[in-house]
Amino acid sequence: MTKLILHVGLGKTGTTAFQDALRDGYEALLEAGFLCAGPRLKFAVPEEEELEAQYLAREPGPLANALRSLEAAALAAPEVSTVVWSNEAIGMAPNLPDLIDVIDQFIQNTTVFDAVEIAICFRRQDEWLESAYRQWGLKHKTSLERGIETPESWLERNWFALDYLGQYRAWSKLGGDRIRVMTYDAMREAGGSVPYLFAQFGLPTDAVPEVETRVKNVSLGPAQSYLNALHNGTEEGPVRPIEFGKVFEAIDLPELDDKNSSFVSTALRQKVLDRCAADNAKLAQLALGRDALFGDFPVGGDVLYDSGTQDALFYLSRIVGAQQNMIDDLSRELNEEHARRLRDLERPFYQLRKLRRRLRAKFGLDD
């Protein structure tokens with residue numbers, strides 16, 4: 001019999017770093033008895049059973065199929081004691097109760113997994129808002145309309161993601177003993193999501209070299225976020241971050257502003273935290289048996305980002321300059337090639353020699 005750990009996020013709590021560590025240490029972890037599937041199940045199931053996209057895990061049908069595929073993978077690997085699937089799309093789904101119903105039905109029917117654990121990590125809502133807005137409001141642009149949503153507008157659409165008490169109560173349908181609640185504060189105290197989650201799940205930390213020092217930051221800095229948002233704002237509908245990411249990679253654009261600068265005002269952050277305070281206290285008692293869910297650190301306090309136009313002009317100048325250098329290099333190469341061909345044409349009997357070579361190659365004719 002085998003244990004299944006479903007690490008359901010939330011997003012912006014070090015999930016990418018953890019998933020990358022599982023990928024990098026796949027072979028060593030497998031030798032230790034842990035089958036780590038990857039967000040799209042890439043490392044555990046046949047290619048035709050992989051999720052086409054990570055976010056499909058928030059749909060009941062694909063989720064049910066994914067769980068059955070993991071069951072088959074565990075059944076085919078008797079040496080595996082634990083299967084780990086980390087996918088934050090599950091925990092952040094707007095239709096979370098529907099997904100929990102799917103998981104509940106799976107738990108009742110599985111004959112392979114004798115234990116199923118749901119692992120959730122919460123980050124203080126005011127802090128999560130800044131990171132999430134920069135990631136999904138600016139970098140990814142998940143809104144449907146043209147332009148970029150304000151933090152207030154984005155927050156209004158995504159309040160459900162900040163209802164941690166509601167999420168915990170929904171998951172508790174599966175049985176409170178199956179739910180493991182963690183906090184981003186604890187991760188930071190442990191040195192990051194990778195060492196913390198490896199310890200929580202009993203994964204051998206020596207399976208991934210230098211696991212304690214691994215750092216993964218998928219969020220852009222404030223100036224880079226602003227430039228990316230200018231590009232995404234011209235598009236209707238969601239925009240994949242890779243679209244403008246190619247420019248950052250090709251031109252090697254630096255971060256210009258203090259990374260602690262924020263897009264969400266201190267006033268809005270305080271409003272969010274005040275609204276969530278009572279529920280956070282209830283959740284702390286229910287899930288962790290303590291009075292406070294998160295640390296009592298200052299709300300906001302960072303400089304609100306306001307140098308976007310100046311930074312954008314600098315970036316655009318650098319991009320244009322780099323593109324001009326590329327054009328100059330290409331023009332130089334073409335001119336050199338053109339000059340070489342002209343020199344060849346001017347050589348005596350060049351065309352005759354060229355014709356003879358072609359005749360020999362085609363008909364085998366001698367001179």
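Let's start with helix 1, which runs over residues 15-24 and is mostly covered, with seven of its ten residues buried. Keep in mind that this is a predicted model. The protein has 367 residues, and buried ones make up 48% of them. Below is a quick tour, from two covered helices to the overall build and then the charged side chains.

**Helix 1 and its cover**

- Which residues of helix 1 are buried? They are Thr 15, Ala 17, Phe 18, Gln 19, Asp 20, Ala 21 and Leu 22.
- Several elements help to cover the buried residues of helix 1, and among them are strand 1 (2-7), strand 2 and strand 3 (82-86).
- Helices join in as well: the cover of those helix 1 residues includes helix 2 (26-31), helix 4 (88-91) and helix 10.

**Helix 10**

- Helix 10 is itself mostly covered, since seven of its nine residues (the helix spans 193-201) are buried.
- Its buried residues start with a run, Ser 193, Val 194, Pro 195, Tyr 196, Leu 197 and Phe 198, and Phe 201 is buried too.
- What comes after helix 10? The helix is followed by Gly 202, which has a positive phi, near 75°.

**Overall build**

- If you count up the secondary structure of the protein, you get 15 helices and five strands.
- The radius of gyration is 27 Å, well over the 21 Å that the globule rule gives for 367 residues, so the protein is more spread out than a compact globule.
- Measured out along the principal axes, the C-alpha trace spans about 95 × 55 × 40 Å.
- Take the contacts with a separation of 6 or more: 78% of them are accounted for by residues 24 or more positions apart.
- The accessible surface comes to about 19,300 Å², and carbon and sulfur atoms hold 51% of that.

**Charges and salt bridges**

- The protein carries 42 positive and 56 negative charges, and the mean positions of the two sets are 8 Å apart.
- Side chains of opposite charge can pair when their charged atoms come close.
- How many salt bridges does a search of the whole structure find? It turns up 17.
- One of them links Glu 50 and Arg 40, with the closest N and O atoms 3.7 Å apart.
- Both partners sit in the loop between strand 2 (34-36) and helix 3 (60-75), so the Glu 50 and Arg 40 pair ties together parts that are ten residues apart in sequence.
- Is Glu 50 buried or exposed? With a relative accessible area of 18%, Glu 50 is buried.
- Arg 40, on the other hand, is partly exposed, with a relative accessible area of 31%.
- Arg 124 and Asp 126 form another salt bridge, where the closest N and O atoms are 2.8 Å apart.
- Both of these residues, Arg 124 and Asp 126, are buried.
- Glu 243 and Arg 240 also meet through their side chains in a salt bridge, at 3.4 Å from N to O.
- In that pair, Glu 243 counts as partly exposed at 36% relative accessibility, while Arg 240 counts as exposed at 55%.
- There is a network as well: Arg 123, Glu 127, Asp 185 and Arg 188 are joined into one by salt bridges that share partners.

Definitions and conventions:
Residues are numbered from 1 along each chain as its sequence is written. This is a predicted model: local features need pLDDT of at least 70, side-chain atom pairs count only at pLDDT 80 or more; totals for chains, interfaces and linings use all residues. Side-chain values use heavy atoms; hydrogens and water are left out. Helices (H or I, at least four residues) and strands (E, at least two) are DSSP runs, numbered from the N terminus. The radius of gyration is taken over C-alpha atoms; the globule rule is 2.2 Å times the number of residues to the power 0.38. Buried means under 20% relative accessible area, exposed over 50%, partly exposed in between (1.4 Å probe, protein chains only). Contact means heavy atoms within 4.5 Å. Accessible areas come from the Shrake-Rupley method with a 1.4 Å probe; for residues, only the protein chains shown count as cover. Lys and Arg count as positive and Asp and Glu as negative; His and the chain ends are not counted. The place of a charge is taken as NZ of Lys, CZ of Arg, CG of Asp or CD of Glu. A salt bridge is a side-chain nitrogen of Lys or Arg within 4 Å of a carboxyl oxygen of Asp or Glu.
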